[in-house]
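Student: I would like to go through the labels on this structure one by one. For each, I want the value, the cut-off and the conclusion.

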Amino acid sequence: MDTETQLRQLVEAKELAMHNNPQQMLPKVLETADTLAAGEYKQRAGTAGTASESNGPHAPIGIFFAQLLRDILDHPAVPTSELPFIASRHIDTLLLLLAEQSSATANAILAFAAVYPLLFDLVAKTSDAQLWQKLCAAKAGVVTQWKKYMAGMMDPEGSNDCSTNTACRLALAKCISQCIIVQTNRPAGGSPTSAASAKSSPHGNYIYSINLLSVPDGHPVIGNKAALDKESKQMLDLLLGFLVDEPMMVAPVFIGVINTLAFIMKERPQTTQRIIGGMLKFNVDAKFQPDGVSALNYRLTKRYVERCYRNFVQFGTRNDIIKNAPPTTQQYSKLSKIAQTLFIIGEESKSKGILNFDPAQVERKVPDAERQRIAGYRTRLREKINGPAQQAPAPAPAPVPTSQEGSRSSSIVPPPASVVQLQDYTKSKAAAGQFVNTTPVASSNTYSAIFSLMNNGGMDSRQDMSTLPQETLTKLCSEALLRTPTTNLISALSVVASRYTDLMAKAASKSTAASSSSSGSATSSSSTKRNIDESESGESNDTPEPKRAKTETDENEKSQESQVKPEKQQSPELEKETDEAEDAMDNGAIDDDDFDLTKLLGKPQRMSEEQKLATAKRIIKHFMAIKDDPVDPAMQVANSGNGSSLDKVRLVDWKNSESGFLILIRLATRGTEPSGAISNLIRDELLSYILSDFENSISIVIEWLNEEWFSSSVLKMGGDATESEEEDNYTKWSLRALEGLIPFMENQHRRIFIRLMSELPRLDLAHFERIKPILLDPGRSALGFQTLKFLIMFRSPVKETIKTLLEQLISDDQGLEEQCRPILDKYYS
């Protein structure tokens with residue numbers, strides 16, 4: 001009988017046993033599959049020489065056997081007490097499948113992950129040394145195979161895609177995670193509820209109870225429990241090390257490992273700190289693009305990994321596994337920031353579109369130099385598995401492409417030359433230990449003089465910080481503030497505050513002196529003339545007053561005046577105007593009130609219409625972007641009475657879903673009214689948003705149109721508005737809003753439509769003309785006539801207008817008389 005026929009008969013027997021006495025029939029089918037799978041293995045071994053040398057032979061019965069074993073262990077009809085014995089009877093054939101590289105390997109690994117806790121518990125209870133040796137050998141084979149994948153030994157020669165045998169890699173990660181859970185102590189008092197256990201497995205309580213604590217101390221076979229616990233930590237480090245050390249983007253395996261880590265963290269909370277420590281070192285941006293993978297595919301896989309990272313953090317925080325309490329307080333904060341950053345990146349990518357990107361900025365192909373270092377890194381891993389090769393020494397090991405606490409910048413790309421110079425300068429100054437320049441008086445009125453603390457003699461660091469990218473500057477500043485002791489930071493701020501206060505006092509004294517000189521110029525002129533007259537007539541004093549000698553105080557005043565002059569050089573024309581203005585003030589030719597400050601500072605340039613529109617678009621885009629943000633900023637001001645006046649004018653009870661629209665409405669109706677283009681731009685954006693989601697934005701459209709009516713009424717009362725149609729923004733935009741909303745109104749929107757029509761501040765015949773399509777539509781006419789009845793009963797000012805509308809409807813369409821005439825007879829008789 002050929003293999004295909006045998007497999008078909010096994011499948012039929014399995015289907016029959018699933019529905020007829022599965023408790024007894026399924027183990028018999030498994031026995032038959034075990035015998036056939038062992039024979040299939042021996043046949044392949046004879047054909048290929050040895051099992052280990054076979055390279056992917058087809059093993060359909062082996063796949064069926066491994067899958068059936070897993071199905072039986074998860075079947076609710078099979079008694080829990082029978083599970084360990086079923087697993088022990090078929091462990092030999094399972095180990096045969098684990099020993100070869102065939103298509104059944106992934107299924108065999110998953111089957112071993114299912115039987116390992118059962119056989120571990122059986123050894124703990126029966127002290128079966130032979131069975132324990134088989135388990136240890138199989139577990140060592142699983143770990144070795146995982147290491148081979150990390151070393152690239154299972155991939156094609158010279159390939160960097162690392163995408164082969166993905167199913168085996170994921171199965172290995174699952175098996176290793178199961179071994180870690182079994183060989184780790186269960187939390188004290190921890191036990192899943194029966195409901196939770198039933199969802200995951202019908203034998204959940206029993207499986208969960210198997211752990212290192214279930215092994216008695218001094219066990220004759222499992223004696224060294226400390227060694228098993230240490231081994232579990234080493235296996236956990238293997239999973240974490242793969243995330244950190246693997247240089248290529250292997251998205252499916254990364255996602256599988258992260259999911260298994262979340263499962264380990266849930267079942268064994270004591271591993272949480274170790275796991276999140278490794279996750280913080282996992283840098284998605286540092287992973288290279290595999291060979292033969294397009295930029296779009298690389299971008300997609302990277303986004304999938306980032307989303308999985310964010311889901312891992314949310315799972316840990318929401319289930320109170322990653323706690324915002326010692327000893328994981330700092331790690332909790334860092335993971336939360338990373339998750340928030342990944343969420344923002346995902347939203348930006350979603351808004352732009354997956355195809356709207358620059359491939360040159362997304363691609364991260366392996367450079368030739370890095371390719372050699374990666375090859376050397378994998379060679380070192382191979383040597384750890386097989387021992388050092390008897391040949392030339394291996395290349396230099398590749399550095400681990402990690403990040404600093406989850407930073408999204410790559411550690412492989414070298415920093416710019418300016419950053420290197422700045423780092424060298426910082427290192428040269430770090431030996432000082434304390435501030436060099438702590439004088440409370442700045443040498444000049446420049447920012448460098450005010451904030452310079454590590455430069456002696458007022459010399460700056462000769463670093464042009466404007467050439468550095470903003471991300472680098474932000475990182476430098478944040479790292480410096482985080483690493484600075486609180487005492488040093490307070491001392492530094494005190495020095496800077498003293499310098500700033502001193503400069504402000506000098507500027508105020510100069511302004512006072514200039515004012516005094518201007519006010520006393522007329523008196524000085526008359527006094528000088530009187531002295532000259534007295535001198536000519538001989539009536540002056542015999543001993544004239546000697547000239548005042550130049551003192552040290554005068555020198556200090558001149559030095560202070562020179563310090564508050566602007567640092568930048570003025571243009572020749574502006575400098576000439578400034579000199580003329582200063583001479584005129586010194587001679588008393590002009591007063592302070594006549595002094596034209598624009599001659600000194602230059603006239604400010606007004607924004608062009610294009611610049612205004614561009615700025616308005618950015619403001620609108622910002623408010624539209626924050627409307628869906630679930631986190632509202634804390635804008636409430638405490639009623640303590642100690643807040644400044646600026647604090648008191650801030651918005652109170654800010655809500656992202658509403659407050660931004662209220663600001664846009666006020667800007668359109670009042671703030672930007674002189675600029676019709678900006679006002680209409682805001683109105684167009686409001687109308688587009690309302691039409692896109694009118695069911696949830698009815699309050700916004702009512703608020704907007706009421707503001708339009710109020711603003712138009714105030715302008716007319718003040719005499720500032722004309723009677724033209726263009727100036728009546730309420731009529732214009734309320735009609736446009738109705739034109740856009742009427743096609744979407746259905747009978748289920750009765751409350752929304754009645755509220756809209758009843759809360760509009762003014763209704764004219766033109767507004768009722770816009771709702772005629774609803775009245776003429778047989779499927780929606782009930783909605784329109786119910787609204788008219790409501791307005792007739794509760795809004796009497798529009799009663800006559802509705803009467804005119806009804807009479808028009810009768811004249812336009814005689815078929816509507818049956819609906820219009822009862823209303824006219826009842827309310828207008």
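Tutor: Start with a yardstick: the expected span of a helix is 1.5 Å times one less than its number of residues. The model is predicted. Helix 6 has 22 residues, and the expected figure is 32 Å. From first C-alpha to last, helix 6 reaches 29 Å, close to that expectation.

Student: What makes helix 6 bend, in terms of the angle and the residue where it is found?

Tutor: The bend is the angle between axes fitted to the seven residues ending at a position and the seven starting there. At valine 115 that angle is about 35°. A proline, proline 117, follows within four residues.

Student: Why is helix 6 called largely enclosed?

Tutor: Count its buried residues. They number 18 of the 22, so helix 6 is largely enclosed by the rest of the structure. After helix 6 comes serine 127, with a positive phi near 55°.

Student: How does helix 6 enter the largest nonpolar core?

Tutor: Helix 6 (residues 105-126) gives the largest share of this core, 14 residues. The core has 106 residues. Phe112, Phe120, Trp146, Leu261 and Phe312 touch the most other members. In soluble globular proteins, nonpolar side chains tend to be buried together.

Student: Which residues does tryptophan 146 contact, beyond its neighbours within four places in sequence?

Tutor: Among them are Arg169, Leu172, Ala173, Ile176 and Phe242. Tryptophan 146 also belongs to an aromatic cluster with Phe242, Phe254, Phe282 and Tyr309.

Student: How many residues are in the second core, and which are included?

Tutor: This separate core has 56 residues, including Ile678, Ile682, Trp704 and Ile752.

Student: Now the rings. How many aromatic pairs are there?

Tutor: The structure holds ten.

Student: Why is the pair of tryptophan 704 and tryptophan 733 called tilted?

Tutor: Ring centres must lie within 6.5 Å, and planes that are neither under 30 degrees nor over 60 degrees apart count as tilted. Here the centres are 6.0 Å apart and the planes stand at 50°, so the pair is tilted.

Student: What makes this pair a tie between parts of the chain?

Tutor: Tryptophan 704 is in helix 30 (residues 698-718), while tryptophan 733 is in helix 31 (residues 729-741). The pair therefore ties together parts 29 residues apart in sequence.

Student: How do you know whether these two residues are buried or exposed?

Tutor: Buried means under 20% relative accessible area. Tryptophan 704 has 0% and is buried. Tryptophan 733 has 1% and is buried.

Student: Why does the pair of phenylalanine 790 and phenylalanine 794 count as tilted?

Tutor: Its centres are 4.9 Å apart and its planes are at 40°, so this pair is tilted. Both residues lie in helix 35 (residues 781-794), four residues apart, about one turn of the helix.

Student: What are the accessibility labels of phenylalanine 790 and phenylalanine 794?

Tutor: Exposed means over 50%, and partly exposed lies between that and the 20% limit. At 29%, phenylalanine 790 counts as partly exposed. At 61%, phenylalanine 794 counts as exposed.

Student: How do you know that lysine 174 lies over the face of phenylalanine 263?

Tutor: Distance is one test: NZ must be within 6 Å of the ring centre. The other is an angle within 35 degrees of the ring normal. Lysine 174 is placed over the face of phenylalanine 263, at 4.7 Å from the ring centre. Lysine 799 lies over the face of tyrosine 828, at 5.5 Å.

Student: Why is histidine 90 called buried?

Tutor: Its relative accessible area is 2%, and the label needs a value under 20%. Histidine 90 sits in the loop between helix 4 (83-89) and helix 5 (91-98). Its contacts include Leu30, Glu31, Asp34 and Phe65.

Student: What is the phi of asparagine 21, and what makes it worth a remark?

Tutor: Phi is positive, about 55°, although asparagine 21 is not a glycine. Most residues other than glycine have a negative phi. Asparagine 21 lies in the loop between helix 1 (3-19) and helix 2 (22-48). At 40% relative accessibility, asparagine 21 counts as partly exposed.

Technical notes. Residues are numbered from 1 along each chain as its sequence is written. This is a predicted model: local features need pLDDT of at least 70, side-chain atom pairs count only at pLDDT 80 or more; totals for chains, interfaces and linings use all residues. Side-chain values use heavy atoms; hydrogens and water are left out. Helices (H or I, at least four residues) and strands (E, at least two) are DSSP runs, numbered from the N terminus. Buried means under 20% relative accessible area, exposed over 50%, partly exposed in between (1.4 Å probe, protein chains only). A nonpolar core is a set of buried Ala, Val, Leu, Ile, Met, Phe, Trp, Tyr and Cys residues joined through side-chain atoms within 4.5 Å. Contact means heavy atoms within 4.5 Å.
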